[in-house]
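Trainee: Could you take a close look at a single part of this model with me? I would like to hear about one helix and the contacts of its residues.

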Amino acid sequence: MDVSVVIGFRDWGIRRLRLAVTSIKESFGTAEGEVVLSDFGSVDRHASEELAKELGIQYVYTETDGPWSRSRALNAGFAVSKGDILVSTDADMVFAPKSFERIVEVAKSNPNSAFFLQCRDLPEHMTDEWVDENPDEWAEMEAASRLRPRWGMGGMMAISRVGFEAIRGFDERLHTYGGEDLDFAQRARRAGFKTMWIEDPQVRMYHMWHPPTAKVVAKTPEGVLAVQKNRNVVY
């Protein structure tokens with residue numbers, strides 16, 4: 001299999017999940033790909049599990065009574081994946097129609113690299129509900145979106161299975177919010193994998209608007225402590 005795309009999530013909404021998965025599957029093109037939903041302790045796992053069955057994709061559930069950890073969720077998904085190229089992304093992203101076909105082509109041509117894609121943030125009115133009601137308005141999304149700065153590496157990461165195993169996946173000490181992709185990129189570079197940002201007009205990743213998670217996390221003492229701890233681990 002060419003590529004495995006893992007979405008790690010917890011209690012993140014069925015509509016968003018459906019939109020994310022459907023956009024990925026429809027963008028594989030000639031590439032042989034799979035999507036894996038890795039559920040890290042959702043309260044209602046039944047709806048997500050049923051969605052996975054409906055869409056014909058793998059579903060992994062991890063029992064947990066601890067804090068959310070994107071790293072652990074992604075690693076659990078990659079543990080059951082089959083692709084030669086491994087990709088992580090989020091449940092609030094939708095991809096333009098030829099995105100993963102091109103990502104696979106670029107990754108196969110540069111096997112000693114790790115790949116990242118800049119996110120395009122949609123404005124406040126372009127929520128998952130709007131995207132669901134306007135499924136083919138890619139030109140409108142392109143015109144309205146704002147390119148997110150490259151301060152972090154988040155949104156999409158791709159690397160060969162060989163590379164993923166060489167750096168032993170995502171650091172599972174990281175939890176609650178932030179740092180996973182930046183940490184992954186740093187360790188990939190140190191292991192000899194060149195960092196490449198994919199710049200191709202056929203490859204687009206749009207972030208469906210929702211209230212910023214970071215602001216919610218930052219309002220709690222536990223969240224502030226977790227963000228600082230993650231930053232220390234990465235540094």
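Mentor: Happy to; what follows is a walk along helix α3, with a short look at charges over rings at the end. Please keep in mind that this is a predicted model. Helix α3 covers residues 70-78, and S71 is one of its residues. S71 has a relative accessible area of 0%, so it counts as buried. Its side chain is not without a partner: S71 reaches the backbone oxygen of D171 at 3.0 Å.

Now let us move along the helix to F78 and turn to aromatic rings. Searching the whole structure gives eight aromatic pairs. One of these joins F78 and F164, with 4.8 Å from centre to centre and 55° between the planes. That pair is classed as tilted, because an angle over 60 degrees would be needed for edge-to-face and one under 30 for stacked. F78 belongs to helix α3 and F164 to helix α7 (residues 161-166), so this pair ties together parts that are 86 residues apart in sequence. Both partners are buried, given the cut-off of under 20% relative accessible area: F78 has 3%, and F164 has 10%. The pair is also part of a wider group, since F78, F164, F170 and F184 make up one aromatic cluster.

Finally, rings elsewhere in the model have charged partners. R16 places its charged end over the ring of W12, 4.4 Å from the ring centre. For R45, the charged end sits over the ring of Y61, and the distance to the ring centre is 4.1 Å.

Technical notes: Residues numbered from 1 in each chain as written. Predicted model: local features only at pLDDT ≥ 70, side-chain atom pairs only at ≥ 80, totals over all residues. Heavy atoms only, no water. Helix = DSSP H or I, 4+ residues; strand = E, 2+ residues; numbered from the N terminus. Buried < 20%, exposed > 50% of the residue type's maximum accessible area, 1.4 Å probe, protein only. Polar contact = N/O pair within 3.5 Å; in protein donor to acceptor, adjacent residues only side chain to side chain. Phe/Tyr/Trp six-rings, centres within 6.5 Å; stacked < 30°, edge-to-face > 60°. Lys NZ or Arg CZ within 6 Å of the ring centre and 35° of its normal.
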